[in-house]
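Please open the model in your viewer and keep a cartoon representation at hand, since the tour moves from the whole chain to single residues.

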Amino acid sequence: MVRSQAWYPPAASMKRIFAASALVLISLPVAAGEEAWNDAGAAAHGASILRPFKRDLQAALRQGLSEGSEQAIRVCRLEATRIASALSTDDVRVGRTSHKLRNPRNAPKPWMAPLLSEYRGNPKQAQPQAVALENGRIGYAEPIFVQPPCLTCHGEDIPPPVRERLAELYPEDRATGFRSGDFRGMFWAEFPKPAEFPGPE
Ligand code: HEC
């Protein structure tokens, strides 16, 4: 039954991923002179920042879907942004992005594009990652995969009323044609490096 499924990876499986990989995958730093630092703590911190975003979004989407597709589209359109803004502060930002966008406003920032390509190229190995950004900040990403409930709005066979509404709202929509299990995009967070983490030498 789709309802009982975890749509996004639960925190527990994330923890296992971190525990399993003694060396957390760190991508190349974007700024010259900034060393990549090996820090499971950075990724764990990113995961804890994303947790409420994923939880609230999933709850809102579930509620929206129970009230019909119109309401669910409203949730995805407005609530996703509202939840992301509510969890963002001066220092912390969260959001979603994709290689196949529905809303162009979710376009990847420069640091996200290489991670998207990497995840797409090897979705079976896609794991959460932390990267060093400029100004000592950290970028953190978690891959998102398509689950059955997503197909109503992102699948190959979208019900006509949903398709029409989406076409009205998103004339440039590219986020359709997915199948269950496909790589869909990623959650991301940006935050300052917590003081207790070891920085570059
Ligand atoms: C009821 C329709 C609906 C369902 C169901 C739905 N989405 Fe979406 N999705 C949308 C809409 C509408 C947007 C555009 C949101 C915006 O304007 O920012 C969107 C945007 C996204 C984005 C942001 C990137 C982009 O393309 O703009 C991701 C990632 C995403 N959806 C993943 C999922 C996943 C994963 C699921 C299943 C867990 C899912 N969606 C279920 C309608 C839906």
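Begin with the whole chain coloured from the N terminus, where the elements follow one another as α-α-α-β-α-β-β-α-α-β; please keep in mind throughout that this is a predicted model. The secondary structure amounts to six helices and four strands, and of the 201 residues in the chain, 27% are buried. If you display contacts between residues at least 6 apart in sequence, 70% of them join residues at least 24 apart.

Next, select the four strands, which form an open sheet in the order E1-E4-E3-E2 with antiparallel pairing. Which strands are the edge strands? They are E1, residues 93-97, and E2, residues 129-132, each of which pairs on one side only. Looking across the sheet, you can follow a twist that averages 20° from one strand to the next.

Now restrict the selection to residues 137-145, which are strand E3, and residues 183-192, which are strand E4; these two strands pair in the antiparallel sense over nine bridges. As general background, strands of a sheet pair through backbone hydrogen bonds, in either a parallel or an antiparallel way. To look at one individual pair, pick phenylalanine 145, whose bridge partner in E4 is phenylalanine 183.

Finally, add residues 40-66, helix H2, which packs on the sheet and touches E1, E2, E3 and E4. With H2 and E4 displayed together, compare their directions, which make an angle of about 115° with each other.

Terms used:
Residues numbered from 1 in each chain as written. Predicted model: local features only at pLDDT ≥ 70, side-chain atom pairs only at ≥ 80, totals over all residues. Buried ≥ 20, exposed ≤ 12 C-beta atoms within 10 Å, placed from the backbone. Contact = placed C-beta atoms within 7 Å. Pairing = 2+ DSSP bridges. Axes fitted to C-alpha atoms, helices over the stretch in contact; angles between N-to-C directions.
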